[in-house]
Amino acid sequence: MKFIETRGNDGNHPLEITFSEAILSPIASFGGLYVPKELPDLGEAFLNKHRTSSYKELAKDLLQTLAIDIDASVIDEALALYDKFDDPANPVPVVKVRDDLYVSELYHGPTRAFKDMALQPFGVVLSSIAQKRGEEYLILAATSGDTGPAALETFKNRPNVRVACLYPDGGTSDVQRLQMVTEDAPNLKVIGIKGDFDDAQSALKRLLGSQTFKETLKAKNISLSAANSVNFGRIIFQIIYHIHSYLELVRQNVIVMGEKVYLDVPSGNFGNALGGYYAYKMGLPVEKIIIASNENNVLTRLINTGRYDLRGEKVVPTTSPAMDILISSNVERILFDLFGPERTKELMKGLESERFYALNDDETMKLQSLFAADYCNGAEGKGYIKEAFDGGYLMDPHTATCFKAYDCCATKPIKTIVYSTAEWTKFSPTIANALTGETGARDIDALEAISKTASTPIPAMIQGLFTKPVTQATVIDKENIENEILSFLN
């Protein structure tokens, strides 16, 4: 598999690179991203081949079909980390909630969020490449709540790798924050910033593209990469669970092979939806990808109007904070696939300089032929949480946004797969409020109340957070991020 650039080539980057090169240096010419030069057509034969396969068998065959330049032994080691999930035989259960709505539960890994699906194996792959090349790497991660804990978990104590993780102080749930600030491995640095996720992500992308910063690291014999979904090493593992979820419906005799479904994805940075799009491109029978947003509904407006307009916009804190994002990096990869590098470069430069771009009518129609979108406010989300719980299903606020999108966008009588990206334990005060109306509960009190009400245990890795010492207390102004990272490396 070869990779090319979303904004064209600047003459300083290679015209094509390998998968391992794209992992190690994820930012391309003109600040763009890397994308596959071509994707294989899997066809129904591939799906039928894996009708009864385990998740790891499916994953290994897909990665081999994509022909990535990673040793088979490393892939085996990476996929073995799915054995750490609740059910190693089926790390992603798919559960019926309504007659035509099934929830793909992506949160059964060590940090109880969907980022484990990609970051657990990704950590092994990147560390292995670094060791093979005899190089030291600094991995940058910016998080709205779930990437950070998953990245820290997968990279802690791994050789040849150090991690600097940026999170918005006050912009995550307490459990998410505790998962980060209680990490004590010496190769990890957690940095709270006074700002929002877009500030953290902008700092990450600026540092990844900064020649001065790279030269400073080079003097320390350190190279630079990223754990965010700007890195295709994340995306490639996110394709797998979309195919698996479809096959689960076939196994449950809910659909027949070849029958189309909706994919209903809660979307912040768009990596999850992008994985579904690439699965569709390779032959997964998908009617449309439904994008669910919260009050930070730039993606809904883009898909429904063709306009990406951030002028005068600020991130609004919501009850689904992992989606409190205005700049969705992976939309760029969709623009490239639909409209090519020159148009993508034009649109992205407009967003960066003017905080705005507009698709023409034909481009908007093309986007709408593949995607539908709606958004869900906090009150609506709590209503869906209560309704689902009364029907016997406990879900988090991000999953709830998909139920609103399902009601509004799933216009054909076909099955819908909703992607549940986080366990209820990550956002317990919001869920307790939805179920009982109580307000102001501390996370630990809300966890215990929900556990009792739902007769479900609190996972040990969540319960234990409240007695672990805080070892990462750094909170700084965003202007000081670079100096803080360099101080960590020293």
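Over the ring of which residue does the charged end of Lys404 sit? In this predicted model, the charged end of Lys404 is placed over the ring of Tyr375, 5.7 Å from the centre of that ring. The points below take up the contacts of aromatic rings, with one another and with charged side chains, and then turn to the two pockets that rank highest by volume.

**Charges over rings**

- Besides the placement of Lys404 over Tyr375, Arg311 lies over the face of Phe356, at a distance of 3.9 Å from the ring centre.

**Aromatic pairs**

- The count of aromatic pairs in the model comes to 13, and among them is the pair of Tyr55 and Tyr82, which is edge-to-face, with 5.2 Å from centre to centre and 80° between the planes.
- This pair links distant parts of the chain, since Tyr55 belongs to helix α3 (residues 55-65) while Tyr82 lies in the loop between α4 (72-79) and β4 (94-98), 27 residues apart; Tyr55 and Tyr82 are both buried.
- A further aromatic pair, that of Tyr308 and Tyr357, is tilted, with 5.4 Å between the centres and an angle of 40° between the planes.
- Here too distant parts of the chain are linked, with Tyr308 in strand β12 (residues 307-309) and Tyr357 in strand β13 (residues 356-358), 49 residues apart, and Tyr308 and Tyr357 are both buried.
- Ring pairs also join Phe3, Phe19, Phe232, Phe270, Tyr277, Tyr278, Tyr280 and Phe371 into a cluster.

**The largest pocket**

- The largest pocket has a volume of about 680 Å³, and of the 25 residues that line it, Leu24, Ser25, Lys214, Ser223 and Leu224 are the closest to its centre.
- Two or more lining residues are given by each of the elements α1 (19-24), α8 (197-209), α9 (211-219) and β9 (222-226), and the largest share, five residues, comes from α9.
- Sorted by class, the lining of the largest pocket consists of twelve nonpolar, seven polar and six charged residues.

**The second largest pocket**

- The second largest pocket holds about 350 Å³ of space, and of its 18 lining residues the closest to the centre are Arg7, Ser202, Lys205, Ile327 and Glu352.
- At least two residues of this lining are supplied by each of α8 and α14 (341-354), with α8 providing the largest share, six residues.
- By class, the lining of the second largest pocket is made up of six nonpolar, five polar and seven charged residues.
- Helix α8 thus appears in the linings of both pockets, giving two or more residues to the largest pocket and six residues to the second largest pocket.

Methods:
Residues are numbered from 1 along each chain as its sequence is written. This is a predicted model: local features need pLDDT of at least 70, side-chain atom pairs count only at pLDDT 80 or more; totals for chains, interfaces and linings use all residues. Side-chain values use heavy atoms; hydrogens and water are left out. Rings of Phe, Tyr and Trp (its six-membered ring) pair if their centres lie within 6.5 Å; planes under 30 degrees apart count as stacked, over 60 as edge-to-face and the rest as tilted. Helices (H or I, at least four residues) and strands (E, at least two) are DSSP runs, numbered from the N terminus. Buried means under 20% relative accessible area, exposed over 50%, partly exposed in between (1.4 Å probe, protein chains only). A charge sits over a ring if NZ of Lys or CZ of Arg is within 6 Å of the ring centre and within 35 degrees of the ring normal. On a 1 Å grid over the protein atoms alone, a cavity is a set of points where a 1.4 Å probe fits but cannot get out, and a pocket is an open set with protein on both sides within 12 Å along at least five of seven lines; lining residues have an atom within 4 Å of a point. Grid points are joined across faces, edges and corners, and a volume is the space filled by probe spheres set on the points. Ala, Val, Leu, Ile, Met, Phe, Trp, Tyr, Cys and Pro count as nonpolar, Asp, Glu, Lys and Arg as charged, and the others, Gly among them, as polar.
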